[in-house]
Structures are given as structure tokens and as C-alpha cells.
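Please find below my remarks on the structure, set out as numbered points. They begin with the strand pairing and then turn to individual residues.

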Amino acid sequence: MPGQKTTLDTTNAEHILYKKPPLEITILGGIRLDGLDRLRTTLKIQVEHLAIRHTP
């Protein structure tokens, strides 16, 4: 759609947000470089009103 732009918001390390309408991807919990062997985050993928969360 015209006028809609892609954005990546990394201002909050605990809530990384990528938007490219109608898609929105959020990494909740952030990413720490130390301790990658026990990485624990939640990935949220949303398309319009449908949202899916996954915590491995």
C-alpha cells in the first residue's frame, strides 16, 4: 500500500519491533550476546488482526 513504510525499532532491547504493513514481528525479551546457549525469547508474528506467539 502506498505511504506505508518499513520500520525497525531497536530503542528498547527487551522489545524489538519490525513493521512492514500488514506484517509486524516482535521479539519480546530481547537478545543478549552473553549466554546464547540458553537464549529465551518470545517471537510474535502478527498479520493484521491474527497474532501468533512462539517461545522455544
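1. Strands E4 and E5 pair in the antiparallel sense, over five bridges. Within this pairing, Val47 has Leu50 of E5 as its bridge partner. Please bear in mind throughout that the model is predicted.

2. The pairing of E4 with E5 belongs to an open sheet of five strands, ordered E1-E2-E3-E4-E5, with antiparallel pairing. The edges are formed by strand E1 (7-9) and by E5, each of which pairs on one side only. From one strand to the next, the twist averages 10°. As background, the strands of a sheet pair through backbone hydrogen bonds, in either a parallel or an antiparallel arrangement.

3. Val47 deserves a separate paragraph. This residue lies in strand E4, which covers residues 42-47. Is Val47 buried or exposed, or does it fall in between? Its relative accessible area is 38%, so Val47 counts as partly exposed, because that class lies between the limits of 20% and 50%.

4. Val47 also takes part in a nonpolar surface patch, which it makes together with Leu43 and Ile45. The area of this patch is about 200 Å². Membership requires over 30% relative accessible area, and the 38% computed for Val47 satisfies that condition.

5. Which residues does Val47 contact, once its neighbours within four places in sequence are left aside? They are Pro22 and Leu23. A further spatial relation concerns Lys20: its C-alpha is 9.8 Å from that of Val47, while the two residues are 27 apart in sequence.

6. Pro22, one of the contacts of Val47, has a backbone feature that merits inspection. The peptide bond joining Pro21 and Pro22 is cis, with omega at about 5°. Pro22 is placed in the loop between strand E2 (15-20) and strand E3 (23-28).

7. A second backbone feature is found at Glu48. Its phi is positive, at about 55°, although the residue is not a glycine. Glu48 is located in the loop between E4 and strand E5 (50-54). With a relative accessible area of 55%, Glu48 is exposed, because the limit for that class is over 50%.

8. In summary, two backbone features may be viewed alongside the sheet: the cis peptide bond between Pro21 and Pro22, and the positive phi of Glu48. Val47 offers a convenient point of reference for both topics, being in contact with Pro22 and having Leu50 as its bridge partner in E5.

Definitions and conventions. Residues are numbered from 1 along each chain as its sequence is written. This is a predicted model: local features need pLDDT of at least 70, side-chain atom pairs count only at pLDDT 80 or more; totals for chains, interfaces and linings use all residues. Side-chain values use heavy atoms; hydrogens and water are left out. Patches are made of residues with over 30% relative accessible area and no salt bridge: like charges are joined within 9 Å, nonpolar side chains (Val, Leu, Ile, Met, Phe, Trp, Tyr) within 5 Å. Accessible areas come from the Shrake-Rupley method with a 1.4 Å probe; for residues, only the protein chains shown count as cover. A salt bridge is a side-chain nitrogen of Lys or Arg within 4 Å of a carboxyl oxygen of Asp or Glu. Helices (H or I, at least four residues) and strands (E, at least two) are DSSP runs, numbered from the N terminus. Buried means under 20% relative accessible area, exposed over 50%, partly exposed in between (1.4 Å probe, protein chains only). Contact means heavy atoms within 4.5 Å. Two strands pair if DSSP finds at least two bridges between them. Axes are lines fitted to C-alpha atoms, for helices over the stretch in contact, and angles run from 0 to 180 degrees between N-to-C directions.
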